[in-house]
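Work through the exercises below with the structure in view. Try each task before reading its solution.

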Amino acid sequence: MTGVSIVAAGMAKFGRFPDRPLTDIGVEAVRAALADAGDFDIDLIEAAYVGTQWGGSMIGQRVLLQTGLLGIPIVNVENACSSGASGLREAFIAVRAGMYDAVLALGCDKLSHTGGTLTRHPDDYDGSLGLSPPALYALRLRRYMHDYNVSVADVAGVCVKNRRHALHNDHALFRNELSLDEVLNSRPVAEPLTLLQCCARSDGAAAIIVANDKVASKFGSRAIRIRCSELASGRYKPGFRDMTSPEITLRTAKKAYDVAGIGPEEINLAEVHDAFSIAEILYYESLGFCAQGEGTRLLARGDFSIGGRIPVNPSGGLMAKGHPPGATGLAQIVEAVTQLRGEAGPRQVENARVALTHCTGGGVSGLDHGACTIHILTN
Amino acid sequence: MEHEVHDYWMRDRDGNVRLIASKCTKCGQHHLPRVAFCGACRGTQFEDAPLSSKGNLYSYTVIHTPPAGYPEIYVVGYVDFPEQVRVFGQVRADNRDTLRCDLPVEVEVATLKKLPDGSEVRGYRFVPSLAEHTS
């Protein structure tokens, strides 16, 4: 069975472009990936897997129409915040199975023209009673503060760190530092979450070309190996559950480490789903980067900053890039690939050999989340 | 005109509002909302089972960014009932500073939101137990 590698990765700048069609943003990402691939012939791409949550029907066809990459199988994928990364997993499976030599994974979404917080599907039980994404994370945060006796200031340090990381990321929405006071004193959204503890909605796209060993060999050390591509759905567990320990991420991480034969202590950097301040803390713990309840202490110590033990979100994460759900998981991959190639410039993580990306979301009553994807990449 | 968002409640003989869960006849697990297959044993037979009139507030949040039709500021939370079931809902908090995790709460029926045509949607919500609330 062939190994599977990423031979090219590129993204559109994330931002707010209310007057720009999503298809243009998608094309920018495809163009960036092709530029990254050098003189790669686009017609070698034999299938495309295109993730979006809000981009509407036939997003893949609408974007790829402008690139001439049509006629091949195009599968449009919706899995909420994990849409793009779920498409990458389909790409991985198809190449691994020997069906294609090279395929495209693309993710795109545009949210700048919408207002307010995102809502759940009207049929969702908790959603019909007033639960929104920030409210769900606020419930987790409140309980985490109660169980581990930490303050919201301890948790909000995530936002300061990630905005600092993005100072040197010209693809980020926000490229200015924030003080802890600014984060804490921004207006309340769902207490104790303030506005600047919630990721912003943004517009963006990212594209990844995935290939088998035969094609990847032509790319030399620029090809980045996918060591695992894991996807899980949330489990419905009746009764009580510990909302400070997301079972879906725990379970997906265990599978990812088992399949890759790589443990959390070997990860050099991670891009994780910091949709809200508390989210990143929960994921340090459920990804095995530290023990349960230790996240804020190690954050304050600098363990998760560039230069620390396991830099988390060197790109600035969702806190700095904003969150176009279909694109987010693949933008994480773009950052991981850039880091593993040693091409991240001032935000480069030293000796980056193993990177993990984690993307989870989708509000469904009775589940921690609808979907979770984890990829582990090596150079 | 009034609507009810969910009909998972009844009034008992003492006038208390009781939520009605769906109880698996095979393993006894309670579910709210209802499911087709029991998440504990995959049983498919259920009976209506009123929950205790009191539970404990597992966590809560005060929401300042209401979806259309909701009050400008409202509180929601998850409540754990002795029957081992956790239920989501709005929380009435006359004094929000008294809210805390694990606070005992009861159930009442109230207007939860308004529809675009101005009609009110009623349903259950949680309210701190009287003994706790006045202490």
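**Exercise 1.** Find how many residues each chain brings to the contact between chain B and chain A.

*Solution.* Chain B brings 37 residues and chain A brings 29; contact means heavy atoms within 4.5 Å. This is a predicted model, in which local features need pLDDT of at least 70 and side-chain atom pairs count only at pLDDT 80 or more, while totals for chains, interfaces and linings use all residues. Residues are numbered from 1 along each chain as its sequence is written, and side-chain values use heavy atoms, leaving out hydrogens and water.

**Exercise 2.** State the area buried between chain B and chain A, and the share from carbon and sulfur atoms.

*Solution.* The buried area is about 2,800 Å². That is the accessible area (1.4 Å probe) that two parts lose on being put together, summed over both. Carbon and sulfur atoms give 59%.

**Exercise 3.** Which side chains meet in a salt bridge between the chains?

*Solution.* Start with the count: one salt bridge between chain B and chain A. The term requires a side-chain nitrogen of Lys or Arg within 4 Å of a carboxyl oxygen of Asp or Glu. Arg143(A) and Asp102(B) form such a bridge, at 2.9 Å, N to O. Next, sort the residues on the side of chain B that touches chain A: 21 are nonpolar, twelve polar and four charged. Here Ala, Val, Leu, Ile, Met, Phe, Trp, Tyr, Cys and Pro count as nonpolar, Asp, Glu, Lys and Arg as charged, and the others, Gly among them, as polar.

Terms used. Chains lettered and ligands numbered in written order.
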